[in-house]
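Please examine the sequence and the predicted model shown below. The paragraphs that follow begin in the interior and work outward to the helices and loops.

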Amino acid sequence: MKILVGYVPTPEGEAALDAAAREAALRGASVLLLNTSRGDAYIDARYANDTELAAAEAKLRERGVEVTIQQAVSAGDVAGELLKAAAAEDVALIVLGLRRRSPVGKLILGSTAQRVLLESPVPVLAVKAASPHDD
């Protein structure tokens, strides 16, 4: 069994990574960590560097989880890259991190998350990063 986590080096990405590690440990699954860039900027903070990927890998391995890392430039279609990887790797679950939204922003879920939730052939676990107000 394999779990796909859409990872970006942000609090939301770290929340997704933690949730994927918990699910993998619970289910005896491996994790496919996919980091993508939209390819719309010369420097993209969402595209993890070697140090960030090594830290993410170490976090999973410390919990006894086998991990494979893939990076892709998506030409603006991050959701498409996630869905394509899910199909190609025959994953059983996709884990995504969601940003907190303003009341108006809550009317419209992020386009990447919304598309994955609507088009995924497998269950999707969407998690939020802890708020500074959470205890």
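In this predicted model, the largest nonpolar core has 23 residues. Those with the most contacts inside this core are I3, V5, L17, V31, L33, L60 and V95. Five elements each give two or more residues to the core: the strands β1 (2-6), β2 (30-37) and β4 (93-98), together with the helices α1 (11-27) and α2 (50-62). The most generous contributor is α1, which supplies seven residues.

V95 shows how such a core residue is surrounded. If neighbours within four places in sequence are set aside, V95 is in contact with I3, L4, V5, G6, A16, A19, A20 and L125. Apart from the largest core lies another, of 16 residues, which includes V78, V91, I94 and V122.

These cores belong to a chain whose secondary structure amounts to four helices and five strands. Along the sequence, the elements follow the pattern β-α-β-α-β-α-β-α-β. Of the 135 residues in the protein chain, 42% count as buried. Among contacts with a separation of 6 or more, 76% are accounted for by residues 24 or more positions apart. The chain exposes about 7600 Å², and carbon and sulfur atoms supply 53% of that area.

The two helices that contribute to the largest core also pack against each other. Two packed helices are described by the angle between their axes and the distance between the axes. For α1 and α2, the angle is about 25° and the axes lie 10 Å apart. Because angles under 35 degrees count as roughly parallel, α1 is roughly parallel to α2. The crossing of α1 and α2 is right-handed. On the α1 side of this packing stand E14, L17, D18 and A21, which meet A56, K59 and L60 of α2. An α-helix has 3.6 residues a turn, so residues three or four places apart point the same way. L17 and L60, which meet across this packing, are also among the residues with the most contacts inside the largest core.

A further helix, α3 (78-88), is mostly covered, with eight of its eleven residues buried. The buried residues of α3 are V78, A79, G80, E81, L82, L83, A85 and A86. What covers them includes the strands β1, β2, β3 (67-73) and β4, as well as the helix α4 (111-119). Within this group, V78 is also one of the residues of the 16-residue core.

Strand β2 offers a view of the contacts around α3 through T36, whose place is in that strand. Is T36 buried or exposed? Its relative accessibility is 7%, and because buried means under 20%, T36 counts as buried. Leaving aside neighbours within four places in sequence, T36 is in contact with Y7, R46, Y47, A72, V78 and E81. Two of these partners, V78 and E81, are themselves among the buried residues of α3.

The end of α3 leads to a backbone feature. Just after this helix, D90 takes a positive phi of about 55°, although D90 is not a glycine. This residue is found in the loop between α3 and β4. In contrast to the buried T36, D90 counts as exposed, at 65% relative accessibility. Beyond that loop comes β4, one of the elements that give two or more residues to the largest core.

Definitions and conventions
Residues are numbered from 1 along each chain as its sequence is written. This is a predicted model: local features need pLDDT of at least 70, side-chain atom pairs count only at pLDDT 80 or more; totals for chains, interfaces and linings use all residues. Side-chain values use heavy atoms; hydrogens and water are left out. Buried means under 20% relative accessible area, exposed over 50%, partly exposed in between (1.4 Å probe, protein chains only). Contact means heavy atoms within 4.5 Å. Accessible areas come from the Shrake-Rupley method with a 1.4 Å probe; for residues, only the protein chains shown count as cover. A nonpolar core is a set of buried Ala, Val, Leu, Ile, Met, Phe, Trp, Tyr and Cys residues joined through side-chain atoms within 4.5 Å. Axes are lines fitted to C-alpha atoms, for helices over the stretch in contact, and angles run from 0 to 180 degrees between N-to-C directions. Angles under 35 degrees count as roughly parallel, over 145 as roughly antiparallel, 65 to 115 as roughly perpendicular and the rest as oblique. A crossing is left-handed if the near helix is turned anticlockwise from the far one by less than a right angle, and right-handed if clockwise.
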